[in-house]
Amino acid sequence: MKIGKDGSLPDALEKIGKRNNPNRYIIISISSIMIFLLVWEILTDVMHVAPAYALPSPLKVFKSFIQKFYTTAPDGATLMEHVADSLVTTLLGFFSGSVIGIPLGIAMAWSQKIDKIAKTLFDMLRPIPPIAWIPIMIVVFGIGTSARVAVILLAAFVPCVLNSYTGIKQTSEIHIWVARTFGATRRQLLFKVAIPTALPYIFTGIRVSLGASWMALVAAELLASSKGVGYMIQTARFVGRADLIMVGMLVIGFISMILTALLDWFERKFVTGES
């Protein structure tokens, strides 16, 4: 094997390494899941660290997961009906919060006037947890989808504003100076320099908003819903079905993982240019 004068590997070997990295990541990911399931099985069916009704085994949870596809008991809906309702509600609130939050964060960072007008109010509302808004939303919108969407919107709104604001503020002064030297207008500076530079921050805010949206959804469905994964978890708690509680938790984690993977793909495509 030939080594370059600078001690680097040949380009061919570097390309092979890059191709093998995704496979290695998949293997490690699958292995970690298998180890988790193995430890879970040992703790439940072998060591019996807790009663079966309190900590069901992976096999019991898997059976309940399959049964819930065609069984409406004890909450009046199948698993897919709950998932569809939660997914629609989450995405409505998440997209609404992102569509409002990202432009507002950019405008606050780019315009001193808008910053002075909006920042004080935003700083006052930002520490309030989304869950605290649930009673108000129930009074305003009633128990239904609108109240849950409003709570999720607030949960997604804050991270989008913060990260968009930070991303624009960290724009390099050198880049702005060079663009001005070539005659760029203020509008061109924003859309050709500041926003492209801030995209990694913006996508980070979107990713954080997605996680916050799911947390707000479950909290809202526990209090103001008659359908959804959170409602299923709450009903299962009332009837002592720990297996269904874990089914709901794992379903939320799995859906969130898929949505995060989609966000990562969009970020690679639009920020780094990778396919």
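So, the secondary structure: this protein chain has 10 helices and zero strands. Please keep in mind that we are looking at a predicted model. If you read along the sequence, the pattern is α-α-α-α-α-α-α-α-α-α. The chain has 275 residues, and 36% of them count as buried. Now take the contacts in the chain with a separation of 6 or more: 69% of those are between residues 24 or more positions apart.

Let's go to the inside. The largest nonpolar core has 55 residues. Which of its residues touch the most other members? They are I106, I168, I206 and W214. Several helices feed this core: helix 3, helix 4, helix 5, helix 6, helix 7, helix 8, helix 9 and helix 10 each supply at least two residues. Helix 8, which covers 186–223, gives the most, with 17 residues. If you want one residue to click on, try I206. Leaving aside residues up to four places away in sequence, I206 touches F94, I102, C160 and L263.

Next, a pair of helices. For two packed helices, we describe the angle between their axes and the distance between the axes. Here the axes of helix 3 and helix 4 come within 5 Å and cross at roughly 120 degrees. Is helix 3 oblique or parallel to helix 4? That crossing makes helix 3 oblique to helix 4, because angles counted as roughly perpendicular run from 65 to 115 degrees and those over 145 count as roughly antiparallel. On the helix 3 side, the residues that meet helix 4 are L104, A107, M108 and W110. Their partners in helix 4 are Q112, I114, D115, A118 and K119. By type, this contact divides into six nonpolar residues, one polar and two charged.

Let's stay in helix 3, which spans residues 79–110, and look at S96. S96 has 26% relative accessibility, so it counts as partly exposed; buried would need a value under 20%. The side chain of S96 reaches the backbone oxygen of L92 at 2.7 Å. Here is a handy reminder about helices: an α-helix has 3.6 residues a turn, so residues three or four places apart point the same way. S96 also shows how the fold brings together distant parts of the sequence: V149 is 53 residues apart from S96 along the chain, and their C-alpha atoms are separated by 8.6 Å.

Now for the loop between helix 2 and helix 3, where we find D75. Is D75 buried or exposed? D75 is buried, because its relative accessible area is 7%. Its side chain makes a polar contact of 2.8 Å with the side chain of K68. A second polar contact, at 2.7 Å, joins the side chains of D75 and H82. Not counting residues up to four places away in sequence, D75 touches K68, H82, Y231, M232 and T235. P74 is found in this loop too, and a cis peptide bond joins A73 and P74, with omega at about 0 degrees.

One of the residues touched by D75, M232, takes us to helix 9. Seven of the 10 residues of helix 9 are buried, so this helix is largely enclosed by the rest of the structure. The buried ones are V229, G230, M232, I233, Q234, T235 and A236. After helix 9 comes G240, whose phi is positive, near 70 degrees.

Helix 7 has something to show at each end. At its start, a side-chain oxygen of S172 reaches to within 3.2 Å of the backbone nitrogen of I174. Just after helix 7, G183 takes a positive phi of about 90 degrees.

Last stop: back towards the beginning of the chain. T44 is found in helix 1, and it is buried, with a relative accessible area of 6%. A polar atom of the T44 side chain lies 3.2 Å from the backbone oxygen of E41. Beyond residues up to four places away in sequence, T44 touches L55, P56, S57 and P58. In the loop between helix 1 and helix 2 we find H48. H48 is not a glycine, although it has a positive phi of about 50 degrees. With 54% relative accessibility, H48 counts as exposed.

Methods. Residues numbered from 1 in each chain as written. Predicted model: local features only at pLDDT ≥ 70, side-chain atom pairs only at ≥ 80, totals over all residues. Heavy atoms only, no water. Helix = DSSP H or I, 4+ residues; strand = E, 2+ residues; numbered from the N terminus. Buried < 20%, exposed > 50% of the residue type's maximum accessible area, 1.4 Å probe, protein only. Polar contact = N/O pair within 3.5 Å; in protein donor to acceptor, adjacent residues only side chain to side chain. Core = buried A, V, L, I, M, F, W, Y, C linked by side-chain atoms within 4.5 Å. Contact = heavy atoms within 4.5 Å. Axes fitted to C-alpha atoms, helices over the stretch in contact; angles between N-to-C directions. Parallel < 35°, antiparallel > 145°, perpendicular 65-115°, else oblique. Nonpolar A, V, L, I, M, F, W, Y, C, P; charged D, E, K, R; others polar.
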